[in-house]
Amino acid sequence: MPVDPMLASTLHGDWHPLFWAAATLGVYLATRAIHQRHARWWTSPLLLTWLLCFALALSLHATYGEYIKGTHWLVALLGPATVAFATPIYEQRAMIRKHWPILVVGIAAGTTIAIGSSWILASLLGLSPDLRLSLLPRSVSTPFAMAFAEDVGGIPELAATCVVITGLVGASLGELLLKWLPLRSSLARGALFGMGAHGAGTAKARQVGAEEGSVAGLVMVLAGLASVLVAPVLAFCMHTTL
Amino acid sequence: MLRRTNILLSRNRLLQVVGLIAIWWACEALVQTLRLPVPGGVIGMAVLLLLLACGRIRSVWFSRGSAGLLDHMLLFFVPATMALLDHPELFSLTGLKILAVILVGTLLVMVGTALSVEVCFRWLSRHAG
């Protein structure tokens, strides 16, 4: 795509942070409106916003540094969003009190499969140790994943990207799986999204139902905590075996 | 006065979001000074949950703001993915391999988690009743 040199040079000036924030928000609002009319997996706002912003950044020859300068506050909002999980969890406290053993089983199974499958698959495909370690924490939400990757010796930014791709893939995959798996309980439907696709999955689970949404949120947070606790142990094992 | 705060907080979504940001901010500062290995947001969630459980805070003061933030959570992930701009080497066979690991891994995690929870649920409900 040919780029007007005038436009390109202005974009590298002082106001480009504002431009990237406005572009991201604008594309997001537009794709959300499209998704509300045509709810298909390929109209997912996360997918479309990512594709369109990436294409725009590529055609304007922008770097990640320039892009993130204007949009890091959006990533920072993940913090308050994590705090916000307290409300749905509190409102579903009766269900949690009743079913906590099931939730613990689900989280233990999910965390084991997540770490085990990433490691085995990455080894089978012959990926380098750096990449392999960055792939380990992809089932947990970004703030946890970056801490985890640092602990076991992966690359935090790459880990964050793997986390996002997992969310993207998982939110769509989960929707298909719901049609195929004979799941009667909202617990299983919620745990599927929360464990497999963290934040993106939780947002999708909230669309499936209120109970599914809060189970997914709870499972996501507990899985994140579990991985932060497991990371030092895993890091120790890695250093003794590698 | 207390009554007015109550009404104002339970109706204004933006004020609730500001409140959630304030909690996160304070906890992030705490994590930084004490060098805790857990993200500030998680501490903030634990604190808010504790306050709610003690009855110090009413959940309507935060429920609308929380729903708003959680509805748009997908957007907050987008900027981090742009890190790929600085890694053109991943648009290759290695990138495809990573994608394959993520795809198959996520599928296994989802099926494994959902089935173990479902089996557990059915077993427990049969033996309870």
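The following exercises, each with a worked solution, concern a predicted model.

Residues are numbered from 1 along each chain as its sequence is written, and chains are lettered from A, with ligands numbered from 1, in the order in which they are written. Because the model is predicted, local features need pLDDT of at least 70 and side-chain atom pairs count only at pLDDT 80 or more, whereas totals for chains, interfaces and linings use all residues; side-chain values use heavy atoms, with hydrogens and water left out.

**Exercise 1. Describe the secondary structure, burial and surface of chain A.**

Step 1. Take the elements, where helices (H or I, at least four residues) and strands (E, at least two) are DSSP runs numbered from the N terminus. Chain A has 12 helices and zero strands.

Step 2. Take burial, with buried meaning under 20% relative accessible area, exposed over 50%, and partly exposed in between (1.4 Å probe, protein chains only). Of the 242 residues of chain A, 59% are buried.

Step 3. Take the contacts, defined by heavy atoms within 4.5 Å. Among the contacts of chain A with a separation of 6 or more, 61% join residues 24 or more positions apart.

Step 4. Take the surface, computed by the Shrake-Rupley method with a 1.4 Å probe; for residues, only the protein chains shown count as cover. The accessible surface of chain A is about 10600 Å², and carbon and sulfur atoms hold 69% of this area.

**Exercise 2. Characterise the interface between chain A and chain B.**

Step 1. Count the participants: chain A gives 91 residues to the contact and chain B gives 67 residues.

Step 2. State the area. The size of an interface is often given as the accessible area lost when the parts come together. Buried area here is the accessible area (1.4 Å probe) that two parts lose on being put together, summed over both. Between chain A and chain B about 7300 Å² is buried, with 83% from carbon and sulfur atoms.

Step 3. Classify the side of chain A that touches chain B, counting Ala, Val, Leu, Ile, Met, Phe, Trp, Tyr, Cys and Pro as nonpolar, Asp, Glu, Lys and Arg as charged, and the others, Gly among them, as polar. This side has 62 nonpolar, 23 polar and six charged residues.

Step 4. Count polar contacts (pairs of N or O atoms within 3.5 Å; within protein, one must be able to donate a hydrogen and the other to accept it, and residues adjacent in sequence count only if both atoms are side-chain atoms). There are 10 residue pairs in polar contact between the chains, both residues at pLDDT 80 or more.

Step 5. Count salt bridges (a side-chain nitrogen of Lys or Arg within 4 Å of a carboxyl oxygen of Asp or Glu). Between chain A and chain B the count is zero.

**Exercise 3. Locate the salt bridges and give the burial of each partner.**

Step 1. A search of the whole structure yields three salt bridges over all chains.

Step 2. In one of them, the closest N and O atoms of Lys204(A) and Glu175(A) are 3.7 Å apart. Lys204(A) lies in helix α11 (residues 186-208) and Glu175(A) in helix α10 (residues 156-180) of chain A, 29 residues apart. Lys204(A) is buried at 12% relative accessible area, while Glu175(A) is partly exposed at 34%.

Step 3. Glu212(A) and Arg189(A) form a salt bridge at 2.9 Å, N to O. Glu212(A) belongs to helix α12 (residues 210-241) and Arg189(A) to helix α11 of chain A, so the pair ties together parts 23 residues apart in sequence. Glu212(A) is buried at 7%, and Arg189(A) is partly exposed at 22%.

Step 4. In chain B, the side chains of Arg122(B) and Glu118(B) meet at 2.9 Å, N to O, in a salt bridge. The two are separated by about one helical turn because they are four residues apart in helix α6 (residues 93-128) of chain B. Arg122(B) is partly exposed at 25%, whereas Glu118(B) is buried at 4%.

**Exercise 4. Determine the surroundings of His99(A) and the backbone setting of His61(A).**

Step 1. His99(A) is in helix α7 (residues 93-124) of chain A and is buried, with a relative accessible area of 14%. Apart from neighbours within four places in sequence, His99(A) contacts Leu187(A) and Phe121(B).

Step 2. His61(A) is in the loop between α3 (45-59) and α4 (64-76) of chain A and is exposed at 62% relative accessible area.

Step 3. Most residues other than glycine have a negative phi. His61(A), although not a glycine, has a positive phi of about 55°.

How values were computed:
Nonpolar A, V, L, I, M, F, W, Y, C, P; charged D, E, K, R; others polar.
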